[in-house]
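Reader: I am new to reading protein structures, and I would like to understand how the words used for them are justified. Could you take me through one example?

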Amino acid sequence: KLAYTKIGRMVQINGQVASSAVSGIGTGNYLQIDGLPFAAADLDHGAGRCGFHVPHDSANMVDGREIFGFVNESGAVINIYEQNLNGASNKAEIMDSNASLYFSFTYNTTS
């Protein structure tokens with residue numbers, strides 16, 4: 001569950017997302033969390049983007065991968081990426097059964 005606090009144009013997101021079971025995931029799948037309460041601002045030169053590190057329950061995640069999140073300008077979706085020696089990719093196979101991702105980040109909105 002995620003919760004938010006909005007003050008002016010700033011939105012603070014906190015919480016945890018957990019998987020109880022994972023099946024049928026192959027390579028190249030997207031791992032996204034939709035339903036942010038407000039779309040991110042669309043500002044000059046990409047200034048509305050928000051990136052952040054995603055702490056996770058490493059015992060239930062695929063080992064050796066750094067995980068980070070990204071909210072695109074005008075988007076209301078958290079994209080979860082992995083960083084490894086081959087670069088960044090948006091893949092769902094980083095999750096395993098009973099895994100947890102923890103969030104705390106702030107982004108700008110236009111309203």
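Author: What follows is a set of questions and answers on the terms used for this structure. The model is a predicted one, in which local features need pLDDT of at least 70 and side-chain atom pairs count only at pLDDT 80 or more, whereas totals for chains, interfaces and linings use all residues. Residues are numbered from 1 along each chain as its sequence is written, and side-chain values use heavy atoms, with hydrogens and water left out.

Reader: How do you know how many helices and strands there are in the chain?

Author: Helices (H or I, at least four residues) and strands (E, at least two) are DSSP runs, numbered from the N terminus. By that rule the chain has 0 helices and 8 strands, and along the sequence the pattern reads β-β-β-β-β-β-β-β.

Reader: What makes Phe52 and Phe105 a stacked pair?

Author: Rings of Phe, Tyr and Trp (its six-membered ring) pair if their centres lie within 6.5 Å, and planes under 30 degrees apart count as stacked, over 60 as edge-to-face and the rest as tilted. A search of the whole structure finds 7 aromatic pairs. In one of them, Phe52 and Phe105 lie 3.9 Å apart, centre to centre, with 5° between the planes, and the pair is therefore stacked. Phe52 belongs to strand β4 (residues 50–53) and Phe105 to strand β8 (residues 100–108), 53 residues apart.

Reader: Why is Phe68 called partly exposed, and what are Phe52 and Phe105 called?

Author: Buried means under 20% relative accessible area, exposed over 50%, and partly exposed in between (1.4 Å probe, protein chains only). Phe68 has 25% relative accessibility, so this residue counts as partly exposed, whereas Phe52 and Phe105 are both buried.

Reader: How do you know that Lys6 lies over the face of Phe38?

Author: A charge sits over a ring if NZ of Lys or CZ of Arg is within 6 Å of the ring centre and within 35 degrees of the ring normal. Lys6 lies over the face of Phe38 at 5.1 Å from the ring centre, and that distance therefore satisfies the limit of 6 Å.

Reader: What makes β2 and β8 a pair of strands?

Author: Two strands pair if DSSP finds at least two bridges between them. Strand β2 (residues 10–18) and β8 pair in the antiparallel sense over 9 bridges, so the requirement of at least two is met. Gln16 stands opposite Tyr102 in β8.

Reader: Why are β1 and β8 said to stand at the edges?

Author: The open sheet is formed by 3 strands in the order β1-β2-β8, with antiparallel pairing. β1 (2–7) and β8 each have a single partner strand, so one side of each is left without a neighbour in the sheet.
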